[in-house]
Amino acid sequence: MAESLREQALVQVVTRLQGMTGVRHWGGTYANAPRVERIFREPAQVGQLPHLIVLEGGQSQMAEFQSSGLTISYRDEFDVLVLGYINGDDQVTPSTWLQRLLEDVRRTLLADWTLGGLAGKVSIGNEDTDEGALMAAGLPLAMFAQGITVTLFPAYAVQ
């Protein structure tokens, strides 16, 4: 039996973000291939950077879309959260690397906004960024939390 559409969507998001290697949109590369996982970790718990974490967000909504015979289809606005941690280097500040990584996440997910035909679309939502608090805590990192909405159309059989 196949996993739920939401689980499949999370796997597809991870797969696409793992492909962020080679020359990127700003003309350079990351020092390491971005590590992508689905387990939340605090910035101090991650080793290799850049580090991306894909989680289910907290604002998903489902509404009946259509009924046909013994099937009810729904429009599922599935909320996904992408956390990103990155550091700077001798020439580029953590803030610049944060903007590069954030833009790369957006471009990568919007390049195939149906997640290989699984979704109706992927939309970019709200973001939150932080550099100062982490620097003040002694962590030379910047981080972001990017909201993503994946529109799915699950169908359920009526008994």
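Student: How far apart are the end C-alpha atoms of helix H2 (residues 94-111)?

Tutor: In this predicted model, local features need pLDDT of at least 70, side-chain atom pairs count only at pLDDT 80 or more, and totals for chains, interfaces and linings use all residues. Residues are numbered from 1 along each chain as its sequence is written, and side-chain values use heavy atoms, leaving out hydrogens and water. A helix is a DSSP run of H or I with at least four residues, and its expected span is 1.5 Å times one less than its number of residues. The 18 residues of H2 should therefore span 26 Å, which agrees with the distance between its end C-alpha atoms, 25 Å.

Student: Which element supplies the largest share of the largest nonpolar core?

Tutor: Such a core joins buried (under 20% relative accessible area, 1.4 Å probe, protein chains only) Ala, Val, Leu, Ile, Met, Phe, Trp, Tyr and Cys residues through side-chain atoms within 4.5 Å. The largest one has 30 residues, with Leu17, Leu52, Val54 and Val150 making the most contacts inside it. Helix H1, H2 and the strands (DSSP runs of E, at least two residues) S2, S4 and S6 each supply at least two of its residues. The largest share, six residues, comes from H2.

Student: Which residues of H2 does Leu17 touch, among those more than four places away in sequence?

Tutor: Contact means heavy atoms within 4.5 Å, and by that rule Leu17 touches Val36, Leu52, Val54 and Val82, among others. In H2, the buried residues include Val105, Thr108 and Leu109. Leu17 also touches these three: Val105, Thr108 and Leu109.

Student: What percentage of the chain's residues are buried?

Tutor: The chain has 159 residues, with three helices and seven strands. The buried residues make up 38%.

How values were computed:
Buried means under 20% relative accessible area, exposed over 50%, partly exposed in between (1.4 Å probe, protein chains only).
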